[in-house]
Each structure stands twice: as structure tokens, then as C-alpha cells.
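Welcome, and take a moment to turn the model around before reading on. The report below walks through some of its strands, its core and a few single residues.

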Amino acid sequence: MAQFDSWAKWELRRRDLLRAGWTAVGLAGLGGTWLQFQRQRSLAIRVPPLPEAPVPDRLASPMRVLRDFDYGTLKRENGRTVREFEIVADTAPLQLTPSVSFVTWNYNGRIPGPTLRAKAGDRVRVIFRNEGGHSHSMHFHGVHPAEADGVEPVRHGETTVYEFDAEPFGIHLYHCHIAPVTRHISKGLYGLFIIDPPQPRPPADEMVLVMAGYDLDDDQRNDLYAFNGVPHYYHHHPIAVYQHQRIRLYVLNMIEFDAAVSFHLHANFFQVYPTGRTLTPSQETDILTLGTAERHILEFSFPFTGKYMFHPHQDAIAEAGCMGMFDVHPAKAKV
Ligand SMILES: [Cu+2]
């Protein structure tokens, strides 16, 4: 359980830091109330301990990425709640398979980048520093003025600030927008940007699944694929969940070079909240097709225990790394 212990300590440290930051800026009654509410809600959800598994690389840690949400540092300015995020672009090698090392471009030393999370109407301030060796940027999806659109290059060694209101609620993304954009994205410069609705969604075991591809030889075709950065990871290290408990997936297709892929869940059906823009589902299905940058919220629970695959139904893509499994434990089991 060494990995879980260290992860749990890391998570506790993160919460301590959040709590400390909270007190420091005196946020009682402000956006902090919402954060506190989110935390209390999450206590109603039981999350199985992470399975014992080696961390494949310090750059990518799919089990940590899975349930990690960055709420930023809360500040109060001119009567408004501001969420401040610090993002650094960097370059680093990532071990994709035992025999394949790939030079990534990444945000905050991880792929995908941090899952940034705000509440609709918050002011969002992103302090972006480029240490990557090439020009990069952060382009956010959502509604904002032109100056916050993130299409201007930020040169190596420079810092820029993107500031805008978090609108509209839903599941969005950010990515580098420097040409050739496909290359900057497929090297690893992307992440999720979740804007929660004013009335929070019901409690659930919330997870992030970002599909991506790797073009190893610059021929504009992907050679490997992955959920949350590392090919085949959740296939070899299934995600433990509890039977009968609501699961909420934030799913993003960030695969370049392939026009579209699907997301298919075995032995179950899920409810779809398109782009997270609704509070009621639009359909129930077991397969959903997503173009590049398309993303949706999916909700379901498992009626039976056991192991169940999830993957694109483009099976060559699944077999090249975009494959995962849920391991469903009995509702009252002590895992
Ligand atoms: Cu870039």
C-alpha cells in the first residue's frame, strides 16, 4: 500500500494547504463556502484505496490525475471571488512503454495538465510562465474577451496572465494554441477546465478521463494512445470503484490526427450531459462519439461487481493504449 499511503499523505497535505490558504485570505462566507460545501459533499462518497501499482514516471501518474481537481488559490478582490492558478509549461521525457520514451511538452509537469475547477461567475486568473524552450500559450474554451483568448505566443522565459469570468458552467478544456497546434497539443499541452453550476451536481465519485494520442515519428499519425497520459495504464491497473455508487466521468477527447473516437463502457449504460451544459441528461447509451476537443459528463453506477472495460470502439486505437478497466467492489466491502 506504499503508493496509496504516499498519495494519501500528498492529498492531505494538499487539503491542509488549501485550508491554510483559505484562512489566510479570510474567506469565510465567500467562495470558500462553496469549496467547503464541495468538500462536505465529497465526504458522502466513498472512494476505494488506490491499488498498489508502480508510478510509471514522475511526469505522469494516471491514478493521481484521475481524481485530482485544482480549485486554485482563493482571493477576494473588489467584492468578487478570484481563483488564481499558476501554470508552468515545461519540456520533459515520459516513459510511454518500457521501450518508448517520448519528449513531452507539458503543463505543471504532468499529462494531462491540472484539472482546473471553478464555479460559474468566479473570476479566474491564470498566471502562465513558459519554461518550455519553445513558444507556448494557454487557450481556454468558454466565453471570454479576445485579450484572454490565449492565441498569442508566450516566449520561453516569459510570463503572462489570462483573466476572465468562469462562464458558462460545463466541462471545458485548455490547450496551447501555437502553430502547428496539433503538434503542441499532441506533445502534451492540454487539460480540463471544469466550471461547476451555481447549484452543485449531486454527490458522486468524480473522475477525469482524457483520451490522447502520441505521434512518435512526426508522420501525422498516432502510434500510441492513452487515457490520462500513459498507454494501457488503467488496463493493467484497474480503477477501483464501489458497486451502486454514482460515478461521474469528465471525459475529453484530445486525440489529434484521428477525426473522432468513441467512448464505450462495457456491461452498462451511462447518462450523457453534453459538454456538461445541462443538469438533466440528454440521452442514455453505452457508446458516445467525440470529435477532437469534444467533451461530456457521463454518469452511471455499476449494478454488479467485477471488472469492466472502457475504451474507444475503434479497436485499433484501444489496442494501441486507449484501454482501461473499472474494478467494481461490493458496496459494503472493506477494500
Ligand atoms: Cu505550445
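Let us begin with two neighbouring strands: E10 and E11 pair in the antiparallel sense, and four bridges join them. Please keep in mind that this is a predicted model. Along this pairing, Gly213 stands opposite Tyr225 in E11, while Tyr214 stands opposite Leu224 in E11.

E10 and E11 belong to an open sheet of six strands, whose order is E11-E10-E13-E18-E15-E16 and whose pairing is mixed. E11 and strand E16 (283-285) stand at the edges; each has a single partner strand, so one side of each is left without a neighbour in the sheet. From one strand to the next, the twist averages 25°.

Strand E11 covers residues 224-227. Leu224 and Ala226 point one way from E11, Tyr225 and Phe227 point the other way, and all are buried. This fits a familiar pattern: in a regular strand the side chains alternate between the two faces of the sheet.

**A closer look at Gly213**

Gly213 is part of strand E10, which spans residues 205-214. Is Gly213 buried or exposed? Gly213 is buried, because 25 other C-beta atoms lie within 10 Å, and 20 or more are enough for a residue to count as buried. Setting aside residues up to four places away in sequence, Gly213 touches Ser186, Asn222, Tyr225, Ile255, Glu256, Phe257 and Asp258. Tyr225 is thus named twice for Gly213, as the residue opposite in E11 and as one of its contacts.

**A residue in a loop**

Gln245 lies in the loop between strand E12 (239-242) and strand E13 (247-253). Gln245 counts as partly exposed because it has 19 C-beta neighbours inside 10 Å. Leaving aside neighbours within four places in sequence, Gln245 is in contact with Ile45, Arg46, Asp205 and Ser301.

For both Gly213 and Gln245, a C-alpha distance to another residue can be listed.

| Residue pair | Separation along the chain | C-alpha distance |
|---|---|---|
| Gly213 and Phe227 | 14 residues | 9.0 Å |
| Gln245 and Phe302 | 57 residues | 7.3 Å |

**A second sheet**

Another open sheet has four strands in the order E4-E9-E8-E6, again with mixed pairing. Its edges are strand E4 (116-119) and strand E6 (139-140); each has a single partner strand, so one side of each is left without a neighbour in the sheet. Strand E8 (residues 170-175) and strand E9 (residues 190-196) pair in the antiparallel sense over six bridges. Which residue in E9 is the bridge partner of Gly170? That partner is Ile195.

**The core and the whole protein**

The largest nonpolar core has 75 residues, and those with the most contacts inside it are Leu192, Val210 and Met211. E10 gives the most to this core, contributing seven residues. In soluble globular proteins, nonpolar side chains tend to be buried together. Apart from residues up to four places away in sequence, Leu192 touches Pro112, Thr115, Ile171, Leu173, Val208, Val210, Tyr250 and Leu252. Val210 is therefore both a contact of Leu192 and, like Leu192, among the residues with the most contacts inside the core.

Stepping back, the protein has six helices and 20 strands. Of its 335 residues, 40% are buried. Among contacts with a separation of 6 or more, 71% join residues 24 or more positions apart.

Methods. Residues numbered from 1 in each chain as written. Predicted model: local features only at pLDDT ≥ 70, side-chain atom pairs only at ≥ 80, totals over all residues. Pairing = 2+ DSSP bridges. Buried ≥ 20, exposed ≤ 12 C-beta atoms within 10 Å, placed from the backbone. Contact = placed C-beta atoms within 7 Å. Axes fitted to C-alpha atoms, helices over the stretch in contact; angles between N-to-C directions. Core = buried A, V, L, I, M, F, W, Y, C linked by C-beta atoms within 7 Å.
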